Amino acid sequence: MADDRQNDDLDLRIAKARAAEEARAGSTGGKPAKGYSQGSRVLAELIGAPLGGGVIGYALDYWLGTKPWLMLILIALAVVVAFRNIFRISKERPE
């Protein structure tokens, strides 16, 4: 009988210690907040779109012999598209 009380007491102390540790450390598990996800999407748009436009433009310029015009046009177009997408992302509600 005394052994059962000791086990129950130990289980209670372990549960309290885990709850205290979770409260101290905060909830680090699970998915990141949507705001963090939106920030990552914005960063990907800002880097990926102009970089992709530049690479595709450079390849087309090299292939067609129109250096540097297609690259400049595609980079400018990619920047416009990136900002449009960022504007759309900013309209989403970060819950």
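## Three helices, read from the contacts outward

Start with the contacts. Among contacts in the chain with a separation of 6 or more, 60% join residues 24 or more positions apart. This is a predicted model. The chain averages a pLDDT of 87, and 86% of the residues score at least 70.

Next, the layout. The chain has 3 helices and 0 strands. Read along the sequence, the pattern is α-α-α. Confidence varies along the way. Helix α1, residues 2-25, has the lowest confidence, with a mean of 81. Helix α3 has the highest, at 96.

Take helix α2 now. It covers residues 34-64, a run of 31 residues. At 1.5 Å a residue, α2 should span 45 Å. The C-alpha atoms at its ends are 43 Å apart, so the expected and modelled spans agree. Just after α2 comes G65, which takes a positive phi of about 75°.

Helix α3 passes the same kind of check. It runs over residues 69-91. Its 23 residues should span 33 Å at 1.5 Å a residue. Its end C-alpha atoms lie 34 Å apart, which agrees.

How do these two helices meet? Look at the buried residues. In α2 they are Q38, A49, G53, G54, G57 and D61. These buried residues pack against α3. In α3, the buried residues are A78, A82, N85, I86 and I89. Their cover includes α2. An α-helix has 3.6 residues a turn, so residues three or four places apart point the same way. Keep that in mind when tracing the buried positions of α3, among them A78, A82 and I86. The α2 list can be traced likewise, including A49, G53 and G57.

What share of the chain is buried? Of its 95 residues, 12% count as buried. Here, buried means under 20% relative accessible area.

Now turn to the surface. The chain exposes about 7800 Å². Carbon and sulfur atoms supply 64% of that area. One nonpolar surface patch covers about 600 Å². Which residues make this patch? They are L43, L46, I47, L51, V55 and F83. Helix α2 gives the most to the patch, with 5 residues. F83 is found in helix α3.

To follow this on the model, begin at α2 and find its buried residues, including G53 and G57. Cross from there to α3, against which they pack. Then look for the exposed nonpolar patch, with L51 and V55 among its members.

Methods
Residues are numbered from 1 along each chain as its sequence is written. This is a predicted model: local features need pLDDT of at least 70, side-chain atom pairs count only at pLDDT 80 or more; totals for chains, interfaces and linings use all residues. Side-chain values use heavy atoms; hydrogens and water are left out. Helices (H or I, at least four residues) and strands (E, at least two) are DSSP runs, numbered from the N terminus. The expected span of a helix is 1.5 Å times one less than its number of residues. Buried means under 20% relative accessible area, exposed over 50%, partly exposed in between (1.4 Å probe, protein chains only). Contact means heavy atoms within 4.5 Å. Patches are made of residues with over 30% relative accessible area and no salt bridge: like charges are joined within 9 Å, nonpolar side chains (Val, Leu, Ile, Met, Phe, Trp, Tyr) within 5 Å. Accessible areas come from the Shrake-Rupley method with a 1.4 Å probe; for residues, only the protein chains shown count as cover. A salt bridge is a side-chain nitrogen of Lys or Arg within 4 Å of a carboxyl oxygen of Asp or Glu. pLDDT is the predictor's confidence in each residue, from 0 to 100.
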